[in-house]
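Me: Hi! Could you walk me through this one? I have some quick questions.

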Amino acid sequence: MNRRHFLATMGVAIAAPTIIPASALGLEGKAAPSERVTLGVVGWGMQGPSNTDAFLGLNNCQVVAACDLDKKALDKAVSRINSHYKNQDCKDYHDYRELMARKDIDTMMIAIPDTWHALVATEALRNGKDVYGEKPLARTIAEQQAIVKAVQQNKRIWQTGSWQRSQAPFRKAAEIVRNGLIGKVTRVEVGLPSGHTDFKRTGPALMAKLSQLPGKPTISQVVPGTEAWKVAVTEPPPELDYNMWIGPSQMEDYIEARVHMNWRWNYNIGGGQLLDWIGHHCDIAHWGLDCDQTGGPIEVEGNGDFPPRNAIWNTATKYHITCKYPNDVTMIIAGGYPEIKSGTKWIGTDGWVWVDRGGFDASNVDWFRQIPEDKHKVKLYHSDNHQGNFIECVKSRKPTIAPAETAHHSAIPGHLGLISMLVGRKIKWDSAKEVIEGDSSASALLTREYRSPWKLPV
């Protein structure tokens, strides 16, 4: 399953999308002018290209601009977009603020490192753009709150890249739970990945293992094509504006292995496997528990295995988090524990159901074929195309399938789990006020210090 083939969002707004003549775009016969929504692309790393391809495949959307801090990546983005439309109309931008200022662009697709989510998203929202943004919603809970506030204040449509909601097996699994077929839910298991994945073949994890072997073989000897300099401090390449790329995070030396794609394994920029995936399987868990807009854990306790703080990749490689919810529901979120199967599993008094990208199962698998009509009272939001759902909601001004409020609540257990692991103790969460109770040091981790001149949006 392609991770970025579908999309959805939320919003209630009054501004109508820009209408551009099909003839001016060389798109006669493909769609009526009133059906086309203009879109700008911010980020051309791991998720940006596949997200953009999905939007390029929609007749009611026109991609008109691209922005990235790496000139090589930006050139690839512009080339891909222009090649699709067979013209040279895509405008390139280095500074996202210049892109957001354009009055003729309706929407933004944002796929950038977590550290930038809040700043770029709120800038887009303040400029009247509807947004398709990647998960997790932001790097911290405070930043997530800022995005939700900006969505609501500016009456914008928001779609989170939690695309599993636009896949039938996940919707059916959640409906089985919501319709009470497994009885009262008592336990939920959310299985996420562990370790680190070297998306760019730069080798820090392998390097650490090799240092323990007899003879201490080099990376290039074991994995041809992985150069040692990629894990060393060097000058940033001329095509990358590294100072801007670091943005609000604390400045640190340039090491290729912790920049493009692999930034997620460095807590200065990302949140490790836990926060990289919390917006997928925990999002589905909350869908089944009816926790999209309200509720959430009241108590969280986590433990994890961490590399040294100064390691190139320092995010938890293994973790186990216990969340207590109201009504005696316990959720386990784990990575690296074989007994917690990948995906989402709800366990109730009368049965169980499990779903993942590779399949589904239940104590009564016939439920997936058809929920008995007399019990099928709850029918969840149906979307078959995540990006298409976003564009349709931009035009209709109706909520998407994965709005900002939902993304915020889906990620909170992951954020709280990480905070619990970092402080080394159980924390209590007031879900109504969204505060940690009676623990000032844990509460301090709900936000983070911004590097000057950047400031947390309020």
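Me: Where is phenylalanine 306 found?
Reply: Happy to help! This is a predicted model, where local features need pLDDT of at least 70, side-chain atom pairs count only at pLDDT 80 or more, and totals for chains, interfaces and linings use all residues. Residues are numbered from 1 along each chain as its sequence is written, and side-chain values use heavy atoms, with hydrogens and water left out. Phenylalanine 306 sits in the loop between β8 (299-305) and β9 (318-325); strands are DSSP runs of E, at least two residues, and helices are runs of H or I, at least four, numbered from the N terminus.

Me: And what does phenylalanine 306 count as in terms of accessibility?
Reply: Partly exposed, because its relative accessibility is 32% (buried is under 20%, exposed over 50%, partly exposed in between, with a 1.4 Å probe and protein chains only).

Me: Switching to salt bridges, how many are there in the whole structure?
Reply: A search finds 22, each a side-chain nitrogen of Lys or Arg within 4 Å of a carboxyl oxygen of Asp or Glu.

Me: Which residue does aspartate 276 meet in a salt bridge?
Reply: Lysine 135, at 4.0 Å from N to O. Aspartate 276 lies in helix α10 (residues 272-289) and lysine 135 in the loop between β5 (130-133) and α5 (141-153), so the pair ties together parts 141 residues apart in sequence.

Me: Are those two buried or exposed?
Reply: Aspartate 276 and lysine 135 are both buried.

Me: What about glutamate 252, which residue is its partner?
Reply: Arginine 258, with the closest N and O atoms 3.9 Å apart. Glutamate 252 and arginine 258 are buried too.

Me: Which residues form a salt-bridge network?
Reply: Asp130, Arg156 and Arg397 are linked that way.
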